[in-house]
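Visitor: I've got a protein on my screen and no clue how to read it. Can you walk me through it?

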Amino acid sequence: MKLKTMGGVQFWSDVHFFHGWHVQQHSSTGHCRLLDPEDVRHAWGTREECFAALEIIKNKQKIPPKPGRTAILVHGIVRSARSMNAIRKRLEADGFRVIGFNYASTRIDISSAAEYLHQVIESLDGVKEINFVVHSMGGLVVRSYLSKHRDKRINRLVMLGVPNLGAKLAKDLKHNWLYKTVWGPAGQQLAKDPDGFIAGLPTPDFEFAVIAGSRGTLDGYNPLLPGDDDGTVAVENTRLPGATDFITVHRLHSFLMYDPEVIDYTLRFLKEGRLRAEGERHPIPQKQAAADAAKS
């Protein structure tokens with residue numbers, strides 16, 4: 001029977017995309033399912049069975065590969081691809097082919113999520129250009145992907161509130177039983193630690209921009225964080241050395257991807273390589289960013 005899924009997004013990760021159809025794998029059992037663009041299930045079982053079912057559908061409907069500019073949206077922890085829908089709509093209206101990458105963010109570690117992302121990228125036939133828009137931990141998933149894989153089609157990346165240098169709150173809560181239960185293994189990797197997981201991630205070797213939420217004050221929204229912040233991540237901990245462009249907006253962490261101004265910046269950078277309409281870039285130098293991070 002063809003049934004619409006009942007949710008459970010924190011247990012499933014995408015492994016294959018084709019024209020809105022996607023094959024997902026369960027984080028615990030390993031079995032797969034084939035979903036159409038409306039999240040209706042058409043097949044269930046092994047990966048091979050789901051791929052075979054998709055091939056039948058492709059041949060029956062005579063669906064050709066879809067070329068053109070592609071943007072992959074990668075959500076943060078405890079979220080799903082739906083949280084990026086506002087950005088999706090703007091990108092699609094501008095001619096981008098958009099893929100909302102889902103992964104079981106609270107059930108697997110960041111490296112495992114990166115391998116799922118790799119499988120999705122490998123499935124993109126006919127695509128000549130790949131861009132990323134990422135929120136929070138989604139940026140670390142992409143950086144983890146880059147530690148083992150490289151695709152010459154990758155063009156640009158926009159990071160929204162990504163804890164590129166680690167998250168102090170994750171460090172403070174790392175051993176709290178509730179935090180460990182809800183945020184899972186990936187939550188443990190978010191902690192700010194000079195010898196931790198994030199410290200070993202590579203910097204993208206292509207153009208990328210960082211957009212950070214802030215209050216615009218010295219103390220920010222959260223008194224538990226040093227300096228300005230978006231309520232969850234300190235501004236200075238978003239500043240990845242080597243960024244092509246950087247800007248702050250007065251928005252809380254969880255709402256960055258819904259903000260029209262943020263979406264304007266994102267679209268402009270993907271198309272033109274700059275965040276601001278006037279064209280002036282504000283790159284993050286290697287030495288300056290490292291010094292600022294050490295203070296926070």
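Guide: Let's go from the inside of this model to its surface. Keep in mind that it's a predicted model.

Visitor: Okay, which residues have the most contacts inside the largest nonpolar core?

Guide: Look for buried nonpolar residues whose side chains join up. Here the largest such core has 60 residues, and L34, I72, L117 and F132 have the most contacts inside it. Helix α3, residues 110-122, gives this core its largest share, seven residues. There's also a second, separate core of 23 residues, with A71, V98, L267 and F269 among them.

Visitor: And what is L34 in contact with, leaving aside its neighbours within four places in sequence?

Guide: Quite a list! It includes W21, H22 and V23, then V40, R41, H42 and A43, and also C50, A53, L54 and I57.

Visitor: Now helices. How many of the residues of helix α4 are buried?

Guide: Buried means under 20% relative accessible area. In α4, residues 137-146, 10 of the 10 residues are buried, so this helix is largely enclosed by the rest of the structure. Among them are G138 and G139, as well as R143 and S144.

Visitor: What covers the buried residues of α4?

Guide: The cover includes helices α3 and α6 (177-189), plus the strands β6 (68-74), β8 (127-135) and β9 (154-160).

Visitor: Last one: which residues make the nonpolar surface patch?

Guide: V78, W177, L178, V182 and W183 make a patch of about 480 Å². Take L178, which is found in helix α6: its relative accessibility is 45%, so it counts as partly exposed.

How values were computed
Residues numbered from 1 in each chain as written. Predicted model: local features only at pLDDT ≥ 70, side-chain atom pairs only at ≥ 80, totals over all residues. Heavy atoms only, no water. Core = buried A, V, L, I, M, F, W, Y, C linked by side-chain atoms within 4.5 Å. Buried < 20%, exposed > 50% of the residue type's maximum accessible area, 1.4 Å probe, protein only. Helix = DSSP H or I, 4+ residues; strand = E, 2+ residues; numbered from the N terminus. Contact = heavy atoms within 4.5 Å. Patch = residues over 30% accessible without salt bridge, like charges linked within 9 Å, V, L, I, M, F, W, Y side chains within 5 Å. Areas by Shrake-Rupley, 256 points an atom, 1.4 Å probe, with all protein chains shown as cover. Salt bridge = Lys/Arg side-chain N within 4 Å of Asp/Glu carboxyl O.
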